[in-house]
Amino acid sequence: MSPGGSDEAETRRARLILGLRSGGVSDPAVLSAVEKTPRDLFVPELFQERSWEDSALPIACGQTISQPLIVGLMTQALSVDSRSRVLEIGTGSGYQTAVLARIARLVYSLERYRTLLQEAEQRIKTLGILNVITRFSDGFDGWPEQAPFDRILVTAAAPETPRALLAQLKPNGILVAPVGRGPVQTLKRYVGDGSGEFRVEDMGDVRFVPLLPGVAREL
Ligand code: SAH
């Protein structure tokens, strides 16, 4: 039996989707994208048993794979459709990238750990996902050569309003990011008004690893 293919795995998957629904994810495209993305592929061997739990889990390089409910809520808040070009900061395991790629036209994803990026690329390839472009670079700078983007998703905590990234967004674009310096941050949604200004919505408290400056030298 393939991973995630047993009856028990099906039950866990169904339970996770129910949890996302009761947590506020109602967009059918988002629910379907999460359902179709085998989280066990993105979780380290040690935590396989917990792949379908609704919790963040440790991955290599001291980072984390995000909690599925948060992935669902952030993806939904981004209002992505099949025309969207999306920039993601923090590829990590590639889980959020894969979920986005099932809905968006093209996903550009940046990561500061080379090892994480290579493993994520491998998983995305295994799933047959072709609309993802990755780069090993510091996400604080965004991806100027590919800007402007329809949507930007930041999956590590920005210490303050990510102005450099907002500058790479289309005038009617949306950026979603955890913002704050402490262990608990506020999930913020910036919605462009078409004239270079942004309306900011607070979506509640979240816990993300911080955005770190520069690329990692060690791994
Ligand atoms: N979306 C990921 C979440 C990974 S955690 C997932 O679903 O697995 C956040 C990731 O952001 C980490 O992998 C971390 O290395 C990366 N990160 C932190 N600061 C960064 C930066 N300045 N540029 C690019 N990636 C960064």
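This chat walks through the ligand site, the cavity and two backbone details of a predicted model.

Reader: Let's start with the ligand. Which residues come nearest?

Author: This is a predicted model, to be clear. There are 26 residues around the ligand. S93, E111, D138, G139 and L212 come nearest.

Reader: Which elements supply at least two residues of that shell?

Author: Three do: β2 (64-65), α4 (95-101) and β4 (106-111).

Reader: And how do the shell residues divide by class?

Author: The shell has 11 nonpolar, 11 polar and 4 charged residues.

Reader: Polar contacts next. What does D138 do there?

Author: D138 uses its side chain. One of its polar atoms lies 2.9 Å from a nitrogen atom of the ligand.

Reader: What about L212, which part of it is 2.7 Å from the ligand?

Author: A polar backbone atom of L212. Its partner is a nitrogen atom of the ligand.

Reader: Which residue pairs with an oxygen atom of the ligand at 3.3 Å?

Author: Q96, through a polar backbone atom.

Reader: How much of the ligand's accessible area does the protein cover?

Author: The protein covers 99%. On its own, the ligand has 580 Å² of accessible area.

Reader: Where does the ligand sit?

Author: In the largest cavity.

Reader: How many cavities of 30 Å³ or more are there?

Author: The structure holds 1.

Reader: How much space lies in the largest cavity?

Author: About 340 Å³.

Reader: What lines the largest cavity?

Author: The lining has 29 residues. G90, G92, E111, T155 and A156 lie nearest the centre of the cavity. The elements that give two or more residues to this lining are β2, β3 (85-89), α4 and β4.

Reader: And the lining by class, how many nonpolar, polar and charged?

Author: Nonpolar residues number 13, polar 12 and charged 4.

Reader: So E111 turns up in both lists?

Author: Yes. E111 is among the residues that come nearest the ligand, and E111 is also among those nearest the cavity centre.

Reader: Switching to backbone. Where is the cis peptide bond?

Author: Between A147 and P148, with omega about 0 degrees. P148 is found in the loop between β5 (132-136) and β6 (149-154).

Reader: What is phi for C61?

Author: Near 60 degrees, so positive in a residue other than glycine. C61 lies in the loop between β1 (57-58) and β2.

Reader: What is the usual pattern for phi and for peptide bonds?

Author: Most residues other than glycine have a negative phi, and most peptide bonds are trans.

Terms used
Residues are numbered from 1 along each chain as its sequence is written. This is a predicted model: local features need pLDDT of at least 70, side-chain atom pairs count only at pLDDT 80 or more; totals for chains, interfaces and linings use all residues. Side-chain values use heavy atoms; hydrogens and water are left out. A residue is near a molecule or strand if one of its heavy atoms lies within 4 Å of it. A polar contact is a pair of N or O atoms within 3.5 Å; within protein, one must be able to donate a hydrogen and the other to accept it, and residues adjacent in sequence count only if both atoms are side-chain atoms. Accessible areas come from the Shrake-Rupley method with a 1.4 Å probe; for residues, only the protein chains shown count as cover. On a 1 Å grid over the protein atoms alone, a cavity is a set of points where a 1.4 Å probe fits but cannot get out, and a pocket is an open set with protein on both sides within 12 Å along at least five of seven lines; lining residues have an atom within 4 Å of a point. A molecule sits in a cavity or pocket if more than half of its atoms lie within 2 Å of its grid points. Helices (H or I, at least four residues) and strands (E, at least two) are DSSP runs, numbered from the N terminus. Ala, Val, Leu, Ile, Met, Phe, Trp, Tyr, Cys and Pro count as nonpolar, Asp, Glu, Lys and Arg as charged, and the others, Gly among them, as polar. Grid points are joined across faces, edges and corners, and a volume is the space filled by probe spheres set on the points.
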